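Thanks for sharing this one. Below are a few friendly notes to read alongside the coordinates.

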Amino acid sequence: MSARRRGRGRRRGMPLSLVGVFLAALGLVVLRVDIIRLRLENGEKFKHEQALEERAQALTAGVRELRDPRELRRRAEQLGFAPPTRILHVGPDGATGDEAP
């Protein structure tokens with residue numbers, strides 16, 4: 001083979017190598033963009049999870065407050081409820097018996 005032919009072979013391989021390098025670099029850019037997108041989504045989901053945890057804590061505190069006997073009594077009085085004046089006991093046969101409170 002002559003020197004000219006060997007030179008042409010190298011020149012032909014050079015553009016192919018450049019295309020390969022370009023495609024590899026493009027693949028890396030695509031991967032990097034995808035990683036950044038996933039990190040942003042992850043951050044948004046983390047913020048949403050924190051908001052839900054805060055809401056759950058507030059709801060739990062509200063339930064505790066509503067279970068407090070003093071709070072129940074206060075709310076019942078506001079709604080016009082009063083202690084019972086008499087209690088009816090219903091037996092298994094359906095008969096009722098009065099009893100004083």
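1. Leucine 26 is a handy place to start: this residue sits in helix H1, which spans residues 3-67. Please keep in mind throughout that the model is predicted.

2. Leucine 26 has a relative accessible area of 40%, so it counts as partly exposed. Leu26 also belongs to a nonpolar surface patch, together with Val19, Phe22, Leu23 and Val30. The area of that patch is about 490 Å².

3. Next, the charged pairs. How many salt bridges does a search of the whole structure find? The count is five, and the points below take up some of them.

4. Arginine 37 is worth a look in your viewer. One of its salt bridges goes to aspartate 34, with the closest N and O atoms 2.5 Å apart. Both residues belong to helix H1 and are separated by three residues, about one turn of the helix. Arginine 37 also forms a salt bridge with glutamate 41, where the closest N and O atoms are 2.9 Å apart. Here too both partners lie in H1, with a spacing of four residues, again about one turn of the helix.

5. How covered are these three side chains? Arginine 37 is partly exposed, at a relative accessible area of 40%. Aspartate 34 is partly exposed as well, at 33%, and glutamate 41 is likewise partly exposed, with 33% relative accessibility.

6. A further salt bridge joins the side chains of arginine 70 and aspartate 68, at 3.7 Å from N to O. Arginine 70 has 62% relative accessibility and therefore counts as exposed, the cut-off being over 50%. Aspartate 68, in contrast, is partly exposed at 26%. Returning to the earlier trio, salt bridges with shared partners link Asp34, Arg37 and Glu41 into one network.

7. Now to helix H2, which covers residues 69-78 and includes glutamate 71. Is glutamate 71 buried or exposed? Its relative accessible area is 11%, so it is buried, the limit being under 20%. The helix as a whole is hardly covered: among its ten residues, the count of buried ones is one.

8. Glutamate 71 has a polar partner to check too. Its side chain makes a polar contact with the side chain of arginine 75, at 2.7 Å.

9. One last backbone detail: glycine 80, just after H2, adopts a positive phi of about 90 degrees.

Definitions and conventions
Residues are numbered from 1 along each chain as its sequence is written. This is a predicted model: local features need pLDDT of at least 70, side-chain atom pairs count only at pLDDT 80 or more; totals for chains, interfaces and linings use all residues. Side-chain values use heavy atoms; hydrogens and water are left out. Helices (H or I, at least four residues) and strands (E, at least two) are DSSP runs, numbered from the N terminus. Buried means under 20% relative accessible area, exposed over 50%, partly exposed in between (1.4 Å probe, protein chains only). A polar contact is a pair of N or O atoms within 3.5 Å; within protein, one must be able to donate a hydrogen and the other to accept it, and residues adjacent in sequence count only if both atoms are side-chain atoms. Patches are made of residues with over 30% relative accessible area and no salt bridge: like charges are joined within 9 Å, nonpolar side chains (Val, Leu, Ile, Met, Phe, Trp, Tyr) within 5 Å. Accessible areas come from the Shrake-Rupley method with a 1.4 Å probe; for residues, only the protein chains shown count as cover. A salt bridge is a side-chain nitrogen of Lys or Arg within 4 Å of a carboxyl oxygen of Asp or Glu.
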